[in-house]
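The following exercises are to be worked through with the sequence and the model at hand. Each task is followed by a solution in steps.

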Amino acid sequence: MAGVVVPKRQDTKKFFENLSGAGKSIAVLTSGGDAQGMNAAVRAVVRMGIYVGAKVYFIHEGYQGMVDGGANIEEATWESVSSMLQVGGTVIGSARCKEFRGREGRLKAAHNLVQNGITNLCVIGGDGSLTGANLFREEWSGLLEELIQQGLIDKEAAATNSELHIVGMVGSIDNDFCGTDMTIGTDSALHRIIEVVDAIMTTAQSHQRTFVLEVMGRHCGYLALVSALACGADWVFIPEMPPEDGWEADMCQKLSENRADKKRLNIIIVAEGAIDSHNKAITPDYIKECCKGFDTRVTILGHVQRGGTPSAFDRILASRMGVEAVLALLEASTNTPACVVSLVGNQAVRLPLMECVQMTQEVQKAMDEKKFEEAVRLRGRSFENNLRTYRLLSCRKTDSELPNSSFNVAVVNVGAPAAGMNAAVRSAVRVGITEGHKMFAVSDGFEGFYKGQIKEIKWGDVGGWTGQGGSLLGTKRTLPGKYLDKIAEQIKIHNINAILVIGGFEALESVLQLSSARASHSEFCVPLCMLPATISNNVPGTDLSIGADTALNSVVETCDRIKQSASGTKRRVFIIETMGGYCGYLATVGGLAAGADAVYIYEEPFDIRDLQANVEHLLEKMKTSIQRGLVLRNENSNENFTTDFIYQLYTEEGRGTFDCRKNILGHMQQGGAPSPFDRNFGTKVAAKAVQWITRTLKDSYKEGKVFANSEDTACLLGMRRRAMVFQPVAQIRDETDFVHRIPKDQWWLKLRPLMKILAKYKTSFDVSDSGQLEHVTRVRPKDSSA
C-alpha cells in the first residue's frame with residue numbers, strides 16, 4: 001500500500017446501537033479463487049447483519065449464482081453459519097462467471113437482486129471480483145431502467161431498490177491487493193508453505209540436497225518473499241525483483257560458499273510469476289539445470305497452499321472485516337463510493353474500492369514497463385519492509401567489505417521462552433555483523449550475564465534458527481537488579497557497547513532496572529533496546545509480541561480438535577483454560593478465532609450472575625440445531641471462580657440438556673515451531689532494532705567512548721496501531737500495572753464485544769474507529785524511528 005491519509009478522529013465515542021438494519025437486506029458472495037478465512041468472513045457478515053435486524057442472504061456460486069438466481073439466493077439464519085469458522089475454502093461456493101462480464105448477465109443479476117429486495121452487497125474476492133462489483137453499482141440505475149422497459153419490474157420496485165451499496169473484502173492468498181497489509185487467506189497459505197519447507201529441510205539435511213520450491217504468486221511475490229524470510233532461504237525469485245544478468249553464476253557461487261561453511265542444505269524459493277530482467281520466465285526446472293554439481297530436487301506446492309484450515313490470524317482478520325463491512329453498509333449513503341475494508345498495521349480501515357484497484361493495476365503496469373523499484377513502492381510499506389529485510393539478511397559480506405564499527409553488541413533472552421525468539425536473535429546477529437559490529441550472545445539471561453556466560457557469535461552460528469521453537473540462547477526469569485555490580489563488571493570485561501534484550505515482562509523490568517542504574521554505574525550508559533517476546537502478549541508499549549501468534553494458533557487448533565471430538569455425541573460444552581497470567585489476550589482472541597460462547601478474563605470482572613446468564617444463554621442455544629459449546633477461561637481470571645468451579649457449575653446447571661468436559665492446555669501453548677507471522681515479525685523487528693542501535697551508538701560516541709544516558713537511549717520497539725515505534729521505557733512505566741504485569745490500556749479489549757455479538761449476546765459496541773473513509777495516496781508514511 002502506498003499510503004493512507006488519515007482524517008482527524010473525534011474524541012466523542014460512537015456506538016453502533018444507533019445503526020439499525022431493520023428493513024434492509026444484505027447479500028454476501030464469494031468470488032474468484034477461494035481462500036482460507038472466507039467462511040469466517042461470511043459468518044461474521046451473516047451474524048452481524050442478523051444482529052442489527054437486517055435480512056441476510058447467501059449468494060451461492062459467486063456471480064454465477066447472482067445471474068442464475070433461484071435457489072442460489074438463499075436467506076441465511078444464525079445456525080446456518082455454525083461450525084464453518086474452522087472450514088477452509090468457501091462453503092457457499094465460488095465460480096468465475098463469463099456471463100456477468102456482459103451487460104446481459106448483469107441485467108439478470110440486477111433482476112434477481114430486486115426480486116429479493118437486496119440493495120446491499122458484500123463481495124469477498126480479488127481485484128477482478130471487486131472491479132466487477134463496482135461496475136455493477138455504477139450501472140445500477142441504468143439496469144433498473146432497462147428492467148422497467150422490459151416489464152420485468154415496476155416503477156415502485158425500482159424506487160424501493162434505487163440504490164445499490166457495495167463493500168468489498170479482499171480474499172486472496174497472493175496478498176496482491178494494494179490498500180491492505182494482509183488479505184484474507186495469505187497467512188494460512190504461508191502456514192501451508194512453511195509446513196512443507198520445515199518437512200523438506202529435514203530430508204534435505206540428511207542427503208545434503210538443494211531444494212527448489214515453487215509457490216503461488218503469478219503477479220505478486222509476497223508469498224515467496226515472506227516464506228523466504230521465514231525459513232531463511234538462500235535465494236528467492238519474485239516478479240517485483242528480477243535478478244541481474246549473470247544471476248545463475250552468482251547463485252551457484254553462493255550455494256558453494258554455503259556448503260563450504262558446512263551448511264548441509266540449500267533452499268531456493270521461486271514465485272510462479274518470477275521473471276528475469278528481460279521479462280523471461282524463471283522456472284524451477286531452469287533453476288535446477290543451473291545448479292549443476294548439486295543434488296537438486298524440485299517441489300511445486302500448487303493448490304496445497306489454498307487448502308487446509310484457516311490460521312488464527314485469518315479467522316480474526318476475516319471476522320473483524322466482516323463486522324466492519326456490515327457497519328460500512330449500514331452507514332452508506334447515496335454519495336458513498338464502493339469501499340473495501342482492509343487492514344493497515346493493526347487497524348481496520350475503509351478505502352475507496354476503485355482507488356485500491358487502480359493502484360493494484362499500476363503495479364502491474366510498472367512491472368510491464370520494467371520499473372521494478374516503482375512496483376515495489378506501489379506494493380506498499382509492508383512489502384517494502386519485507387524486501388528490505390530480506391536483502392539485508394541475504395547479502396553476506398566478506399570481512400574486507402564490512403564497515404569497521406569497533407562496537408560490541410550483546411544479545412540476551414529474558415523471561416519465559418517464546419516461539420520466534422530464535423528468528424529475532426538470528427536476524428539481530430546477521431544485521432549487526434553486516435553493520436560492522438561484533439555480536440555477543442549471552443546464555444541463560446541475566447543470570448548468565450553476571451556469571452560471564454558471554455561469547456562472540458558469528459554469521460554461521462545462527463544458521464537454521466528461524467524455524468526453531470523456544471530459546472536456543474537459553475533464558476531465565478532472573479532480573480539484573482541484585483547483580484548490577486557483577487553485570488557492570490562483565491560489560492567492562494567484554495567491552496559491551498550496546499545491549500539488545502528479547503523477552504516478555506521481565507525484559508521490560510530488566511531494561512528499566514539497567515537504565516535506572518545509569519546514575520550509579522556508568523557501564524549501563526550504553527544504548528539499551530528491548531524487543532517484546534511473550535506468548536501472553538502482556539508487554540505495554542506494543543500491540544503484539546513475538547510468540548503470541550504461535551500460542552494463539554496452538555489454542556485455536558486445540559479448540560478445533562476438542563470440538564470435533566464431540567461430533568458424534570449429543571450436546572456437549574467444553575471448558576478450556578488458557579495461559580497468559582493476568583492478561584486475557586490469548587483467551588479473548590483465541591475465543592474469537594475458535595467461536596467461543598463465553599470467555600472469562602481478569603480485565604473484565606465477572607460474578608455469579610454473569611456465570612448464570614452464560615449458562616442460560618447456552619441452554620437456549622442448545623434447544624436449536626447447535627450441538628456444541630465452547631467456554632474459555634484465562635488462568636488468573638478469578639481466584640474463586642476456578643476452572644473446576646466453572647466446570648461443575650455448567651455440569652450441574654446443564655444437566656439434562658448438555659454435558660461438560662474440561663481441558664487445561666498448559667505448556668503446549670509455549671512449545672512448537674514458530675508460526676510464519678512470528679518468524680517474519682521477529683526477523684523484521686530485530687533488524688530494525690539493530691539499525692536503531694547503530695544510529696544511537698554513532699550519536700553517543702564521543703571522545704573515544706560510548707556514553708548514552710538520555711531517556712531515548714533505552715527504548716522498547718513495539719507495534720502501535722499502524723507503525724513500529726521506538727518508545728523510551730521510562731515513559732512506558734506510567735502505562736504499566738506492575739502488580740498484575742499487564743498494560744493499563746489494552747487494544748484487544750475492543751474485540752470482546754465483537755466476540756459476544758458473534759456468540760449472540762446483546763452488547764454495546766464502540767465503533768469510534770469505524771465509519772471514516774480514508775484515501776490511498778502515493779505519499780510514503782513517515783517511518784517512525786523515534
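A residue counts as buried when its relative accessible area is under 20%, as exposed when that area is over 50%, and as partly exposed in between. The model examined here is a predicted one.

**Exercise 1. Salt bridges and accessibility**

Task: Determine which residue forms a salt bridge with Lys492, and whether Lys492 is buried or exposed.

Solution.
- Step 1. The partner of Lys492 is Glu523, and the closest N and O atoms of this salt bridge are 3.4 Å apart.
- Step 2. The pair links distant parts of the chain, 31 residues apart. Lys492 belongs to helix 16 (residues 484-493), whereas Glu523 is in the loop between helix 17 (505-516) and strand 17 (528-532).
- Step 3. Lys492 has a relative accessibility of 58%, so it counts as exposed, since the cut-off is over 50%.
- Step 4. Glu523, at 18% relative accessibility, counts as buried.

**Exercise 2. Two further salt bridges**

Task: State where Glu509 and Arg741 lie in the chain, and how Arg377 and Glu374 are placed in helix 12.

Solution.
- Step 1. Glu509 and Arg741 form a salt bridge through their side chains, at 3.7 Å from N to O.
- Step 2. Glu509 is part of helix 17, while Arg741 is in the loop between strand 26 (736-737) and strand 27 (742-743); the pair therefore ties together parts that are 232 residues apart in sequence.
- Step 3. With a relative accessible area of 18%, Glu509 is buried, whereas Arg741, at 28% relative accessibility, counts as partly exposed.
- Step 4. Arg377 and Glu374 also form a salt bridge, with their closest N and O atoms 3.4 Å apart. These two residues are 3 residues apart in helix 12 (residues 372-379), which means that about one helical turn separates them.
- Step 5. Arg377 counts as buried at 16% relative accessibility, and Glu374 as partly exposed at 27%.
- Step 6. For context, the whole structure has 32 salt bridges.

**Exercise 3. A buried glutamate**

Task: Find out which side chain of opposite charge is nearest to Glu603, and which side chain joins Glu603 in a polar contact.

Solution.
- Step 1. Glu603 is located in the loop between strand 19 (598-600) and helix 20 (608-621).
- Step 2. Glu603 is buried but has no salt bridge. The nearest side chain of opposite charge is that of Arg752, 7.0 Å away; a salt bridge requires a distance within 4 Å, so this pair does not qualify.
- Step 3. The side chain of Glu603 has a polar contact of 2.9 Å with that of Gln746.
- Step 4. Beyond residues up to four places away in sequence, Glu603 touches several others, including Tyr582, Cys583, Ile742 and Trp748.

**Exercise 4. The largest nonpolar core**

Task: Establish how many residues make up the largest nonpolar core, and which helix gives the most to it.

Solution.
- Step 1. The largest nonpolar core has 157 residues. Met169, Ile267, Ile269, Leu500, Ile502 and Tyr585 have the most contacts inside it.
- Step 2. Helix 10 (residues 312-331) gives the most to this core, with 13 residues.
- Step 3. Of the 20 residues of helix 10, 19 are buried, so this helix is largely enclosed by the rest of the structure.
- Step 4. At 1.5 Å a residue, helix 10 should span 28 Å, and its end C-alpha atoms are 29 Å apart, which agrees.
- Step 5. Tyr585, with neighbours within four places in sequence left aside, is in contact with residues including Ser536, Leu544, Trp747 and Trp748.

**Exercise 5. Met251 and its surroundings**

Task: Decide whether Met251 is buried or exposed, and how far apart Met251 and Cys291 are in sequence and in space.

Solution.
- Step 1. Met251 is a residue of helix 8 (residues 247-260), and its relative accessible area of 0% makes it buried.
- Step 2. Met251 and Cys291 are separated by 40 residues in sequence and by 8.3 Å in space, C-alpha to C-alpha.
- Step 3. Apart from neighbours within four places in sequence, the contacts of Met251 are Trp235, Phe237, Ile268, Ile287, Cys290 and Cys291.

Notes: Residues are numbered from 1 along each chain as its sequence is written. This is a predicted model: local features need pLDDT of at least 70, side-chain atom pairs count only at pLDDT 80 or more; totals for chains, interfaces and linings use all residues. Side-chain values use heavy atoms; hydrogens and water are left out. A nonpolar core is a set of buried Ala, Val, Leu, Ile, Met, Phe, Trp, Tyr and Cys residues joined through side-chain atoms within 4.5 Å. Buried means under 20% relative accessible area, exposed over 50%, partly exposed in between (1.4 Å probe, protein chains only). Helices (H or I, at least four residues) and strands (E, at least two) are DSSP runs, numbered from the N terminus. Contact means heavy atoms within 4.5 Å. Lys and Arg count as positive and Asp and Glu as negative; His and the chain ends are not counted. A polar contact is a pair of N or O atoms within 3.5 Å; within protein, one must be able to donate a hydrogen and the other to accept it, and residues adjacent in sequence count only if both atoms are side-chain atoms. The expected span of a helix is 1.5 Å times one less than its number of residues.
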